[in-house]
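Subject: Structure for you to look at

Hi there,

Here is the structure I promised to send over. Below it you will find my notes on what turned up, grouped by topic so that you can follow along in your viewer.

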Amino acid sequence: MEEKVVESTNVAVQAVAEVAEGIAEQTKSMFHFNEIKSILSAQNIVKMVSSLVAIILLIVVYKLIKHFVNKGIKNKFQKHTVQIINKGMNYLFWTLLIMFILSLFGIKLSAIWGAAGVAGLALGFAAQTSVSNLISGLFVLGEKALRVGDFIEVSGVSGTVSSIGLLSIKIDTPDNQSIRIPNSSIINTNLQNYSSNNNRRILFDISVAYETDLEKALKVMQQVPSMCPSALTDPAPVCFYDGLGESGITLKLGIWFKKQDLIAIKNEVYVAIVKLCKKNKIEIPYNKLDLNVKSGSSIKVSSK
C-alpha cells in the first residue's frame, strides 16, 4: 500500500514539474526571454556600450564644433544667416548620426542611398521652382545684398524686409501689406537697396520758363539746400540744367541726406523751391488754356 502511495506521489510530482516546465517555456516564449538572452550576451553588451559611448562622443564633438563655428561666424554674418547655417548643420549632423546608428544594426545603407537617389530625382523634377529658389537663396545669403530692416525695391515692389529665408523673402510695404518675393526674382532682376548706405542723394527736376534769366534761376536754386535742415553739406549739393522741355527748361537739383530723412527732405525742398520762385519772380511753367473770343468769328482755343 505504501509503495502505491509513493508511486502516486512521484507521478503527481512529475506531472506538476512538467506543467511548471511547460508554463516556464510558454512564459519565455511570450516575453522572448531566449531572444533577449541572446541579445544580452557579453559580446553584444560590449558592442552596445561601445556604440552608445561612440554616439555620445559624436554628439559632444558636434556641440564643440558648432560652438566654435558660431563663434567664428557670429561677427561675420547677419543674425538670420547664422540661424540658417545652424539649421543646416543640425540637419546634416542628425542625418549622419541616424545613418551611423542604422549601420550598427547591420542595415545596409546602399539600398537607402539608391531609394533616396530615385526619390530625389523625382522630387527634383516635381519641384524645379523650389530648387531654383533654394539655390538663389544661397546666393542671396552669400552676397549679403540685403538684410532684415532694409528698404528695397524689386520689380516695382518696394518695402521693408521683414524676413529672409532659403526660398523667399518677405517685405512689408509702406501701406502695411506683407509681400512674399521668391529668391529667384531677386537674383534674376535688379535689386535696389535704399538702406545699404547711410547717406543718399535725390535729384529734383525743376522746370523754369524759357523767358527766365537762366543765370539768376541757377543762383536762386543753389540757395535751396541752405533752407533745408535735413540737407547735408558734405557731399555738397549740385545744381545744373539738363535739357529743353516742351514748356520750359529742365533744371536738376541734387541734394544729399540721411536715409531716414527721405520724407523730410522732399517736403523741405519743394517748400523752399516754391518760396524762392515766388520771391524772385521765377515762373514755374505749367499747362495753360487760352480762350480767345473775337466778335463775329469762331472761338479759338489754344493750350500751352
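**Salt bridges**

R147 and D150 pair through their side chains in a salt bridge, with 3.6 Å between N and O. Please keep in mind throughout that this is a predicted model. The two partners sit in unlike surroundings: R147 is partly exposed, because its relative accessible area is 43%, whereas D150 counts as buried, because its relative accessibility is 5%. The cut-offs behind these words are under 20% for buried and over 50% for exposed, with partly exposed in between.

How many salt bridges are there by this rule? The count comes to three. The other two involve K252, so let me take them in turn.

K252 meets D205 in a salt bridge, at 2.5 Å from N to O. K252 belongs to strand 8 (residues 249–258) and D205 to strand 6, so this pair ties together parts that are 47 residues apart in sequence. K252 is buried, since its relative accessibility of 16% falls under the 20% limit. D205, on the other hand, is exposed, with 51% relative accessibility.

The second partner of K252 is D242, and here the closest N and O atoms are 3.9 Å apart. D242 lies in strand 7 (residues 238–244) and K252 in strand 8, so this pair links parts that are ten residues apart in sequence. D242 is partly exposed, at 42% relative accessibility. Through their shared partners, these salt bridges join D205, D242 and K252 into one network. As general background, side chains of opposite charge can pair when their charged atoms come close.

**S195 and R147**

R147 comes up again in connection with S195. Counting C-alpha to C-alpha, S195 and R147 are 9.2 Å apart in space, while 48 residues separate them in sequence. S195 is found in the loop that runs between strand 5 (191–193) and strand 6 (199–208). Is S195 buried or exposed? With a relative accessibility of 11%, S195 counts as buried.

**A pocket between two helices' residues**

Next, have a look at the second largest pocket, whose volume is about 210 Å³. Which residues line it? The lining of the second largest pocket consists of L58, V61, Y62, I65, M89, L92, F93, L96, L97 and F100. Helix 3 and helix 4 (79–104) each contribute at least two residues to this lining. Helix 4 gives the most, with six residues. By class, the lining has ten nonpolar residues, no polar ones and no charged ones. In general terms, rolling a probe the size of a water molecule over the atoms shows where empty space is left.

**A nonpolar patch on the surface**

There is also a nonpolar patch on the surface, formed by L52, I56, V60, L64 and F68. Together these residues have about 500 Å² of accessible area. One of them, L52, lies in helix 3 (residues 42–73). L52 counts as exposed, because its relative accessibility is 52% and the limit is over 50%.

**Backbone features in the loops**

Finally, a few places where the backbone deserves a look.

- The peptide bond from D234 to P235 is cis, with omega near 0 degrees. P235 is placed in the loop between helix 8 (214–221) and strand 7.
- S155 has a positive phi of about 50 degrees, although S155 is not a glycine. The loop between strand 1 (151–154) and strand 2 (157–164) holds S155. S155 is exposed, with a relative accessible area of 56%.
- N176 is a residue other than glycine that has a positive phi, near 65 degrees. N176 sits in the loop between strand 3 (168–172) and strand 4 (178–182). N176 is exposed, with a relative accessible area of 68%.

That is everything on my list. Happy to talk through any of it whenever suits you.

Best wishes

Technical notes. Residues are numbered from 1 along each chain as its sequence is written. This is a predicted model: local features need pLDDT of at least 70, side-chain atom pairs count only at pLDDT 80 or more; totals for chains, interfaces and linings use all residues. Side-chain values use heavy atoms; hydrogens and water are left out. Patches are made of residues with over 30% relative accessible area and no salt bridge: like charges are joined within 9 Å, nonpolar side chains (Val, Leu, Ile, Met, Phe, Trp, Tyr) within 5 Å. Accessible areas come from the Shrake-Rupley method with a 1.4 Å probe; for residues, only the protein chains shown count as cover. A salt bridge is a side-chain nitrogen of Lys or Arg within 4 Å of a carboxyl oxygen of Asp or Glu. Helices (H or I, at least four residues) and strands (E, at least two) are DSSP runs, numbered from the N terminus. Buried means under 20% relative accessible area, exposed over 50%, partly exposed in between (1.4 Å probe, protein chains only). On a 1 Å grid over the protein atoms alone, a cavity is a set of points where a 1.4 Å probe fits but cannot get out, and a pocket is an open set with protein on both sides within 12 Å along at least five of seven lines; lining residues have an atom within 4 Å of a point. Grid points are joined across faces, edges and corners, and a volume is the space filled by probe spheres set on the points. Ala, Val, Leu, Ile, Met, Phe, Trp, Tyr, Cys and Pro count as nonpolar, Asp, Glu, Lys and Arg as charged, and the others, Gly among them, as polar.
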